[in-house]
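Hello,

Here is the structure I promised to pass on to you. Please have a look at it first, and then read my notes underneath.

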Amino acid sequence: MSVSIKSEREIELMREAGRILAHVHGELGKILKPGISTMDIDRIGERLIRSFGCIPSFKNYNGYPASICVSVNNEVVHGIPNKHRILREGDIVSLDAGVIYNGYHSDAARTHAIGQISGEAQKLIRVTRECFFEGIKYAKAGNHLNDISSAIQAYAESFGYGVVRDLVGHGVGKALHEDPEVPNFAQKRKGIRLRPGMTLAIEPMINMGRADVVWLNDDWTVVTDDGSLSAHYENTILITEGDPEILSLL
């Protein structure tokens with residue numbers, strides 16, 4: 001496994017990629033309402049990404065047909081936008097997007113409420129976001145990768161939620177997916193020691209019910225096996241000498 005350490009120039013490019021992606025997510029959050037189709041979200045998202053002179057990271061990545069992964073309710077990740085899939089009051093929707101700026105990727109996801117949602121759904125979205133921040137408390141030079149993973153799992157499971165095992169976070173930079181893999185659950189090994197200049201996409205995927213997931217026949221969309229709601233929260237971060245820098249937050 002070769003984990004790349006980014007140079008100061010590369011970090012600057014990734015900061016800009018992250019800043020642009022944060023702005024895209026902010027704008028997409030404003031358009032979400034009952035009656036919008038998941039295809040509308042994708043079209044607007046792609047237009048926004050290209051308006052900054054960036055390329056959507058996901059478009060045609062391993063054959064994925066869209067720029068924004070739009071996953072509704074029991075869909076965990078990689079939902080394919082569709083003009084017939086209309087968001088309704090009470091839905092939750094996670095938007096996962098990436099941008100390429102001057103050859104460098106940024107990757108981030110947010111889960112949103114559509115209109116009024118149940119208290120349980122609100123709590124799931126909140127705790128999934130909190131899982132990310134619990135994890136990155138340990139994203140410091142000298143700590144091990146597994147410190148992040150263990151913290152995410154412990155926090156999610158303290159609420160009785162299922163932590164998805166079949167999908168993980170990852171390094172990010174010149175490629176969308178670089179070494180190392182970043183699980184959201186504890187490993188038997190400590191994993192690599194974190195060093196300044198590493199850039200990671202940390203992305204808790206948390207189910208209200210069990211951890212088990214299945215792939216739909218489109219070979220992309222991942223759903224909860226028990227039909228329970230799922231939430232996703234992700235940012236690209238930079239390991240520094242001190243606290244990590246979150247590159248994809250405004």
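**Salt bridges around R15**

At 53% relative accessibility, E8 lies over the 50% cut-off and therefore counts as exposed. Please keep in mind throughout that this is a predicted model.

E8 makes a good starting point, as its side chain forms a salt bridge with R15, where the closest N and O atoms are 3.7 Å apart. R15 itself has a relative accessibility of 26%, so it counts as partly exposed. R15 also forms a salt bridge with E245, and here the closest N and O atoms are 2.6 Å apart. That second pair ties together distant parts of the chain: R15 belongs to helix α1 (residues 8–31) and E245 to strand β15, 230 residues apart. E245 is partly exposed too, with a relative accessible area of 26%.

**Another pair, and the wider count**

You can also find a salt bridge between the side chains of D225 and R210, at 3.1 Å from N to O. This pair again links distant parts of the chain, 15 residues apart: D225 is in the loop between β12 (222–224) and β13 (230–232), while R210 is in the loop between β10 (205–207) and β11 (213–215). D225 counts as partly exposed at 40% relative accessibility, and R210 does so at 43%. Coming back to the residues above, E8, E12, R15 and E245 are joined into one network by salt bridges that share partners. The count of salt bridges comes to 15.

**The open sheet**

E245 also leads us to a sheet, since strand β15 covers residues 245–246. Five strands form this open sheet in the order β8-β7-β9-β14-β15, with antiparallel pairing. Its edge strands are β8 (178–182) and β15, and each of them pairs on one side only. Further in, four bridges join β9 (residues 199–202) to β14 (residues 235–238), and these two strands run antiparallel. If you would like a spot to zoom in on, L200 stands opposite I237 in β14.

**A buried strand**

Last, is strand β2 (residues 68–72) buried or exposed? Five of its five residues are buried, so β2 is largely enclosed by the rest of the structure. I68, V70 and V72 point one way from the strand, C69 and S71 point the other way, and all are buried. β2 runs antiparallel to strand β4 (residues 92–101), and five bridges join the two. Within β4, A97 is the bridge partner of I68.

Enjoy exploring, and best wishes!

Notes
Residues are numbered from 1 along each chain as its sequence is written. This is a predicted model: local features need pLDDT of at least 70, side-chain atom pairs count only at pLDDT 80 or more; totals for chains, interfaces and linings use all residues. Side-chain values use heavy atoms; hydrogens and water are left out. Buried means under 20% relative accessible area, exposed over 50%, partly exposed in between (1.4 Å probe, protein chains only). Two strands pair if DSSP finds at least two bridges between them. A salt bridge is a side-chain nitrogen of Lys or Arg within 4 Å of a carboxyl oxygen of Asp or Glu.
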